[in-house]
Amino acid sequence: MSVRHRKGLTHWGPPLLLISPSLILMGVFVYGLIGVNVATSLTDEHTSAQSTGQAPVTFVGVQNYNDLLRSPAFQHSLRNLLLYTAVFLISVLVLGFIWAWLLDKPVHGEGIFRSIYLFPMAVSFVASGVVWRWLLNSNQGTSASGLNRLFQMIGLGFLQNPWWNNPNWGIAAIALPAVWQLSGYVMALFLAGFRGIPDELREAGRIDGASEWKLYRHVIFPQLSPVALSAVIIIGHMSLKAFDLIMSISKPANYQTKVPAVDMYTLKGSYNFANAAAVGTILLVIVALLVVPYLVRTARAEKNR
Amino acid sequence: MVGVFNKQHPDVKFINGAVAGGAGSAAKDLLQTRLQAKNPPDTFQAHAGKEIADYIAAGQLQDVSNLYDEFGLRSAFPPALLKLLTVDGKIYSVPADIHRANMVWANPAVLTAAGLDPKATYAKLSDWFTALDKVKASGKTALSIATTWTQVQLLENVLLSDLGSDKYIGLWTGSTDWKGSDVGAALADYSKLLTYTNTDRDNLDWPDATQQVIDGKAAFNVMGDWAVAAFVEQKKVAGTDYTYFPMPGTTGVFDFLADSFTLPVGAPHADGAKAWLQTVGSAEGQTAFNKAKGSIPARTDAKPADFSEYQQTAIKSFGQDTIVPSLAHGAAVPIAVLTAISDAVSKFGTGSSNAATFQTELAAAVALGASK
Amino acid sequence: MTAIPAPTAAAEVLKRRPGTAPTAVVPPGAKRFGVARTLRYLLLLFFLLAVLIPVYVLVVTSFKGPGDASPDRAWTWPQAWTVDNWRAAWTTLSPAILRTVQMVVPAAIISSFLGSMNGFVLSRWRFRGANLVFTLILFGMFIPYQAVMIPLLKIMLGMNIPNGIPSLILLHVIYGIPITTLIFRNYYESVPAELIEAARVDGAGMLRTYRSIVLPISIPSFVVVLIWQFTSAWNDFLFAVFFSSSQNGPVTIALNNFANGALLQNYGSSMAGALLASAPTLVVYIVLGRYFIGGLMSGSVKG
């Protein structure tokens with residue numbers, strides 16, 4: 001057909017036209033700015049005077065990265081980030097899976113359960129932070145409030161703990177609101193995953209005499225692993241960006257809940273733009289380590305489709 | 001004060017662009033952005049002293065020394081204050097009020113219940129420790145405190161008390177050695193004081209801590225004199241419901257911070273801004289402003305009778321005591337240094353660093369400012 | 001690839017495999033049907049209550065008066081119900097809510113059109129490197145915005161775009177491109193090729209095809225994307241905190257200042273404010289829930 005053999009500008013033009021605004025925007029605002037950010041991080045722009053041109057800015061190579069990665073404070077932030085991500089990720093996968101598993105079989109009022117497990121996702125971290133600040137109050141015993149008080153009231157007083165008010169493990173407490181908000185999302189992913197497993201596969205397994213546990217282990221889990229991987233990537237990268245929740249529940253100045261994203265905000269406030277940029281780049285590298293292999297794999301899978 | 005302004009300069013319109021909340025952090029963010037964008041407000045409020053050093057270094061503030069001459073402010077403000085306001089021979093802001101940061105607020109009932117004399121004052125920290133022990137034994141919180149910045153404020157009070165005003169000032173100018181043993185001893189006192197405080201301090205902001213004294217849950221609270229507003233608002237009577245005295249060991253010293261107004265470079269309505277600055281610096285303006293706020297005028301010619309009992313003691317003290325700049329409130333060091341100090345304080349307060357590390361980190365923080 | 005999301009997805013979940021009794025991990029010989037099922041219900045109920053705990057505190061506290069609304073009375077029923085908190089929250093937050101609407105609607109609409117165009121082109125136009133382009137666009141969704149924040153600040157200042165809503169609209173459009181592109185591409189992959197080819201045979205160029213054939217059938221996907229962008233922009237805090245203030249910014253900033261910045265904590269109004277700020281997205285979620293879920297599922301990159 002003549003249409004199919006047409007080559008040249010008319011064939012290439014319209015698609016390019018449709019997609020070029022986005023390409024340009026992405027080029028500038030993602031890749032271009034990443035480049036500029038890296039450039040800034042390689043300078044010594046640590047003061048307000050330099051930011052307005054009143055004092056010179058010089059290239060210092062990777063010195064800022066050296067300083068940051070060596071400083072105990074930033075190491076603490078990184079450790080917090082890792083801990084937060086681990087607790088958040090594992091909890092949300094386990095809870096989401098349990099919920100999906102519970103709802104996969106017929107239950108009365110399934111719609112209600114599903115909707116309620118899911119709705120926290122519609123709320124912003126700032127809004128949920130308002131109530132979680134209360135719930136995570138670290139007082140115990142007689143002056144307890146929040147969850148500690150609830151534990152006392154229902155006879156589980158031994159569960160009381162200082163929540164985020166602990167320098168080493170406090171950040172894990174911040175994962176709790178995040179888990180509350182996003183387990184429903186993981187549940188939805190797993191539910192879709194469960195649904196995607198053909199009945200024949202399950203029936204075949206049962207006919208072969210496999211026990212329920214074996215069925216799960218050899219048929220269902222493998223079928224669900226793409227979904228689980230998806231969830232890990234999405235939740236993982238959200239976790240690495242953690243900012244809103246901490247700003248809302250704790251405060252930027254608190255040592256217990258320091259994470260790189262908050263450090264960046266504080267550094268910017270002190271006019272330390274070079275270090276702020278370096279923190280940003282470090283975060284980018286961490287996220288890239290998680291995401292790029294996945295994207296590459298997906299792209300390859302597409303090509304073979 | 002706006003009323004006074006309108007009276008003094010009826011032809012200039014005052015638009016209040018206040019950004020609420022976050023103890024000024026939200027306002028500071030917006031200000032930073034606007035100044036960078038060369039879209040400054042006509043004037044903005046900042047703490048007098050080193051806090052505005054960054055704006056000055058960035059060339060974002062106008063020198064208002066000539067306004068001081070024009071409005072006759074050089075004779076109206078105490079010389080010690082003028083010295084602290086001057087940077088390289090120039091002055092960049094006009095203080096509207098003076099707050100005192102080295103005050104202790106106490107609840108007499110709690111003290112009496114602990115077997116202490118509610119009217120007692122303490123000459124040094126070690127005397128105070130004895131009293132604090134007694135309160136602790138009685139089951140109440142001895143010293144209430146809140147989040148990081150209030151802890152920094154406590155730290156500055158301890159440094160002031162143990163080192164005296166000259167060495168304290170030297171901490172910020174570089175003449176006092178941060179690694180010295182006297183500083184080490186002061187930090188040990190600070191550490192001891194923290195043991196008397198409430199464990200949920202990082203959860204709270206200053207009103208909660210002061211409220212503990214008001215409610216009788218705590219005996220003492222170290223806080224700047226804006227705390228008076230909290231007592232007054234809840235109809236507490238000085239002397240009966242609460243007492244106050246300078247931080248033990250700091251009698252005769254006035255640890256000041258001043259809210260002041262500036263003139264940004266490129267202010268769209270410079271004349272209007274200058275008119276505002278005139279009102280800010282005037283006797284009438286300062287009286288009106290400070291009566292409402294509970295602070296005291298920067299001018300030495302204010303009439304004490306116009307003010308409340310606490311304010312009168314403050315005015316007297318400001319007139320005769322040694323004036324030193326506050327650390328926690330931007331007078332002594334620039335923002336970057338204060339942030340670094342706050343980080344060290346927060347870390348120490350959570351038990352994540354020992355005294356030696358704390359001292360080293362503080363020294364490094366102050367050195368940040370010196371290397372600029 | 002993902003099938004068309006929304007109604008069918010929800011229906012699928014409801015469709016059960018007939019004849020399979022719920023046999024969870026249950027010891028043989030026990031009353032299979034009764035015990036397992038009861039256990040399941042109990043667990044579901046337990047989780048339901050757990051999830052609703054914060055909601056209970058939020059709602060109950062928002063109706064409490066000043067002395068009542070304090071942390072140590074978090075779990076008690078209000079002594080006296082009052083709507084003062086709601087009134088205060090409304091007065092403070094309604095300007096911000098209006099501004100947020102003004103920000104979210106244009107941002108959602110523009111970014112969905114961009115996503116639609118991209119998704120269409122990338123699903124139909126097979127050129128060498130199409131996958132690479134798609135991956136490069138997609139990566140933009142994962143970057144931590146902190147990695148571009150500093151230069152972004154400078155560039156926005158340089159372009160003289162006013163701080164506040166205008167800046168935020170631009171930013172949400174730009175950084176919404178990856179996710180909208182992803183959702184639309186997934187959607188168009190599932191559109192029967194014959195539909196598009198038929199148009200091509202008739203001589204229509206790509207633009208015409210897009211406008212007259214593709215757009216009309218994209219409605220389900222538009223719904224999903226609009227909801228997703230609406231929610232994501234409504235709840236954003238990071239961009240808002242860097243590019244606006246509580247005076248000219250969206251409700252997240254206003255809420256944060258209202259709840260966390262005040263000198264004397266008014267917990268009742270803060271909670272009322274949090275509920276108020278979340279109301280629009282919650283309404284969208286309740287009314288258009290199925291599409292919301294569909295968006296979640298099609299938004300994830302399936303392995």
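# A walk through chains A, B and C

Let's start with one pair of residues: B:Ala106 sits across from B:Thr243, which belongs to strand S8 of chain B. Keep in mind as you look around that this is a predicted model.

That pair belongs to a wider pairing. Strand S5 of chain B, residues 103-106, is joined to S8(B) by 4 bridges, and these two strands run antiparallel. Zoom out a little and you find an open sheet of 4 strands in chain B, ordered S6-S7-S5-S8, with mixed pairing. At its edges are S6 (141-144) and S8 (243-246), each with a single partner strand, so each has one side left without a neighbour in the sheet. On average, neighbouring strands here are turned by 20° against each other, direction ignored. A helix joins the picture too: H11 of chain B, residues 206-214, lies across S5, S6 and S7 (218-222), and runs at about 140° to S7(B).

Now look for another strand of chain B, S9. How many of its residues are buried? The count is 10 of the 10 residues of S9(B), so the strand is largely enclosed by the rest of the structure. Its side chains take two directions: B:Val253, B:Asp255, B:Leu257, B:Asp259 and B:Phe261 point one way, while B:Phe254, B:Phe256, B:Ala258, B:Ser260 and B:Thr262 point the other. Both sets are buried.

Which strands pair with S9(B)? One is S1 of chain B (residues 45-47), paired in the antiparallel sense over 3 bridges. Within that pairing, B:Gln45 has B:Phe261 as its bridge partner. Another is S4 of chain B (residues 93-100), which is also antiparallel to S9(B) and is joined to it by 7 bridges. Here B:Asp97 is partnered with B:Asp259. Then there is S10 of chain B (residues 322-325), which pairs with S9(B) in the parallel sense over 4 bridges. In that case the bridge partner of B:Asp255 is B:Val324.

Follow the chain on from S9 (253-262) and you come to a loop that leads to helix H13 (270-281) of chain B, and B:Pro264 lies in this loop. Is B:Pro264 buried or exposed? It has 22 C-beta neighbours inside 10 Å, and a residue needs 20 or more to qualify, so B:Pro264 counts as buried. Some of its company comes from far away in the sequence: B:Thr43 is 221 residues apart from B:Pro264, yet the two are 6.2 Å apart in space, C-alpha to C-alpha. Leaving aside neighbours within four places in sequence, the contacts of B:Pro264 include B:Leu35, B:Pro40, B:Pro41 and B:Phe44, along with B:Gln60, B:Leu61 and B:Gln62.

Chain C looks quite unlike a sheet, with 13 helices and 0 strands. Of its 303 residues, 51% are buried. Among contacts in chain C with a separation of 6 or more, 78% are between residues 24 or more positions apart.

Two of those helices are worth finding by eye. H3 (residues 84-124) and H6 (residues 165-189) of chain C have axes that come within 6 Å and cross at roughly 35°. The crossing of H3(C) and H6(C) is right-handed. Their contact is made up of 16 nonpolar, 12 polar and 3 charged residues. Next, try H9 of chain C (residues 219-234). At 1.5 Å a residue, its 16 residues should span 22 Å, and its end C-alpha atoms are 22 Å apart, which agrees. What about its surroundings? In H9(C), 13 of the 16 residues are buried, so this helix is largely enclosed by the rest of the structure.

Chain C also meets chain A, with 78 residues of chain C in contact with 85 residues of chain A. On the chain C side, helix H2 (residues 32-62) supplies the largest share, 10 residues. That side of chain C divides into 52 nonpolar, 19 polar and 7 charged residues.

Finish in chain A, with a pair of backbone oddities. Most residues other than glycine have a negative phi. A:Trp163, though not a glycine, has a positive phi of about 50°, and A:Tyr271, also not a glycine, has a positive phi of about 70°. A:Trp163 lies in the loop between helix H8 (146-153) and helix H9 (170-196) of chain A, whereas A:Tyr271 is in the loop between helix H13 (260-269) and helix H14 (273-303) of chain A. A:Trp163 is buried, with 25 other C-beta atoms within 10 Å, and A:Tyr271 is buried with 25 as well.

Technical notes. Residues numbered from 1 in each chain as written. Chains lettered and ligands numbered in written order. Predicted model: local features only at pLDDT ≥ 70, side-chain atom pairs only at ≥ 80, totals over all residues. Axes fitted to C-alpha atoms, helices over the stretch in contact; angles between N-to-C directions. Left-handed = near helix turned anticlockwise from the far one by under 90°. Nonpolar A, V, L, I, M, F, W, Y, C, P; charged D, E, K, R; others polar. Contact = placed C-beta atoms within 7 Å. Pairing = 2+ DSSP bridges. Expected span 1.5 Å × (residues − 1). Buried ≥ 20, exposed ≤ 12 C-beta atoms within 10 Å, placed from the backbone.
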